[in-house]
Amino acid sequence: MDDTNKPLARLGWGTFFQEKFDVLNEPGTVPARVISESKGSCQLITADGELTGVIAGKLRRHGGLDNVFPAVGDWVAVKPLPGEDKGIIQVVLPRKSKFSRKVAGELTAEQVVSANVDNVFIVSGLDGGRNFNLRRIERYLVLAWNSGAVPVIVLNKIDICHDVNDYISAVQSIAPGVAIHPVSAKERLGLDILRSYLTEGRTAAFLGSSGAGKSALVNALLGSERQQTGEVRGDDRQGRHTTTKRELILLADGGIVIDTPGMREIQIWGSEEDLQGAFGDIEAMALDCRFNNCRHESESGCAVLEALNNGHLHPSRLESYHKIKKELLFLAAKEDQNSRLQEKMRGKRFSKMVKQFKKDR
């Protein structure tokens with residue numbers, strides 16, 4: 001790595017990004033990482049400090065076609081403006097990983113929540129109410145495995161939970177092979193194991209519902225009250241969305257965290273293959289089914305249904321598997337339809353350009 005870029009190593013810069021940046025060959029630009037973003041602008045950090053980045057016109061015009069608008073955690077090539085704390089974002093560098101979900105509503109489109117993340121910390125609160133939900137954790141795991149990052153499950157608020165081992169066992173049943181760490185942000189318990197993931201230049205994104213304690217954990221790791229936290233409602237233990245935007249934060253000992261607002265709904269984004277990570281147990285059982293195209297619904301010789309009948313598979317887990325698989329198949333069909341429509345529109349635009357060209361001649 002070039003000596004001038006060594007200060008960026010603490011921000012997660014490495015050979016992968018250096019090679020991509022060199023290939024761009026954009027004169028006058030420097031690498032920067034996105035700390036936070038809003039419509040039309042981003043807060044960036046470079047080797048020389050922070051800048052407000054404005055998206056270049058060419059990126060604004062063409063970025064939507066390939067979903068390459070800057071997201072928190074992205075590396076970009078920015079052209080600093082002389083004498084100003086601003087710069088023009090020319091290009092978003094290729095991502096090592098990205099945590100995405102489907103945008104809310106009827107539109108079939110990808111929303112990148114965070115980029116270039118090494119670990120996804122899926123946080124659940126053990127204080128009752130809806131902060132602990134196995135089905136919700138399963139949905140997060142599907143998105144996490146699709147992201148290219150490694151999921152880690154964090155069970156917060158063990159200081160007010162009397163049956164922590166029962167919760168751990170429940171999570172183990174739906175997340176085989178995934179690391180599970182019981183912690184308490186309030187009492188500073190179990191934080192060293194989280195810090196072990198956050199060595200210099202490594203990034204972890206905190207995800208979970210409002211009230212689970214994501215911002216409290218970030219504060220505990222920071223050793224300060226930088227992130228605003230709030231009380232949870234007494235009836236369902238849900239928080240009040242004290243985190244209002246995604247933000248990348250540097251830790252004193254070298255790690256990087258991304259705090260995110262609580263997600264009211266987890267819209268699945270990915271492909272059917274992503275079920276392998278979150279539902280590896282069911283996918284493994286399916287290998288013993290009599291038919292390769294077994295749907296695990298009523299077929300004879302279905303190993304999955306046999307495991308269900310023998311009590312080796314919980315009905316709610318199989319129901320969740322079917323539900324998420326159905327969503328992924330529907331998503332794939334919608335994406336295919338959208339691709340055909342976009343290709344048709346491009347064809348029409350090209351034909352129109354040809355006709356106009358002939359007319360002008």
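## Helix H6 and its surroundings

Helix H6, which spans residues 214–222, lies across strand E8 (119–125) as well as E9, E11, E12 and E13, and runs at about 145° to E11. The model in which this arrangement is seen is a predicted one. Seven of the nine residues of H6 are buried, so the helix is largely enclosed by the rest of the structure.

The buried residues of H6 are Lys-214, Ser-215, Leu-217, Val-218, Asn-219, Ala-220 and Leu-221. These buried residues pack against the strands E8, E9, E11, E12 and E13, and also against helix H5 (191–195). After H6 comes Gly-223, a residue with a positive phi, near 75°.

## The open sheet

The sheet is open and is formed by six strands, whose order is E10-E9-E8-E11-E13-E12 and whose pairing is mixed. Its edges are strand E10 (179–182) and strand E12 (247–250), each of which pairs on one side only. On average, and with direction ignored, neighbouring strands of this sheet are turned by 25° against each other.

Within the sheet, strand E11 (residues 203–207) and strand E13 (residues 256–259) run parallel and are joined by four bridges. Ala-205 has Ile-258 in E13 as its bridge partner. A further helix, H4 (residues 164–174), lies across strand E9 (150–156) and E10, and its direction is at about 160° to that of E10.

## The loop at Asn-133

Asn-133 is placed in the loop between E8 and helix H3 (134–147). With a relative accessible area of 33%, Asn-133 is partly exposed, because this value falls between the 20% below which a residue counts as buried and the 50% above which a residue counts as exposed.

A polar atom of the Asn-133 side chain lies 2.9 Å from the backbone nitrogen of Arg-136. Asn-133 and Val-171 are 38 residues apart along the chain, and their C-alpha atoms are separated by 9.4 Å.

## Aromatic pairs and a cluster

A search of the whole structure finds nine aromatic pairs. In one of them, the rings of Trp-13 and Phe-21 have centres 6.1 Å apart and planes at 75°, so this pair is edge-to-face. Both of these residues are buried: Trp-13 has a relative accessible area of 4%, and Phe-21 has a relative accessibility of 14%.

Phe-16 and Phe-17 also form an edge-to-face aromatic pair, with 5.1 Å from centre to centre and 90° between the planes. The burial of these two residues is not alike, since Phe-16 counts as partly exposed at 30% relative accessibility, whereas Phe-17 is buried with a relative accessible area of 3%. One aromatic cluster is formed by Trp-13, Phe-16, Phe-17, Phe-21 and Trp-75.

## The chain as a whole

The secondary structure of the protein chain comes to ten helices and 13 strands. Of its 361 residues, 48% count as buried. The accessible surface of the chain comes to about 18700 Å², and 50% of this surface belongs to carbon and sulfur atoms.

When the contacts in the chain are restricted to those between residues at least 6 apart in sequence, 66% of them join residues at least 24 apart.

How values were computed: Residues are numbered from 1 along each chain as its sequence is written. This is a predicted model: local features need pLDDT of at least 70, side-chain atom pairs count only at pLDDT 80 or more; totals for chains, interfaces and linings use all residues. Side-chain values use heavy atoms; hydrogens and water are left out. Two strands pair if DSSP finds at least two bridges between them. Helices (H or I, at least four residues) and strands (E, at least two) are DSSP runs, numbered from the N terminus. Axes are lines fitted to C-alpha atoms, for helices over the stretch in contact, and angles run from 0 to 180 degrees between N-to-C directions. Contact means heavy atoms within 4.5 Å. Buried means under 20% relative accessible area, exposed over 50%, partly exposed in between (1.4 Å probe, protein chains only). A polar contact is a pair of N or O atoms within 3.5 Å; within protein, one must be able to donate a hydrogen and the other to accept it, and residues adjacent in sequence count only if both atoms are side-chain atoms. Rings of Phe, Tyr and Trp (its six-membered ring) pair if their centres lie within 6.5 Å; planes under 30 degrees apart count as stacked, over 60 as edge-to-face and the rest as tilted. Accessible areas come from the Shrake-Rupley method with a 1.4 Å probe; for residues, only the protein chains shown count as cover.
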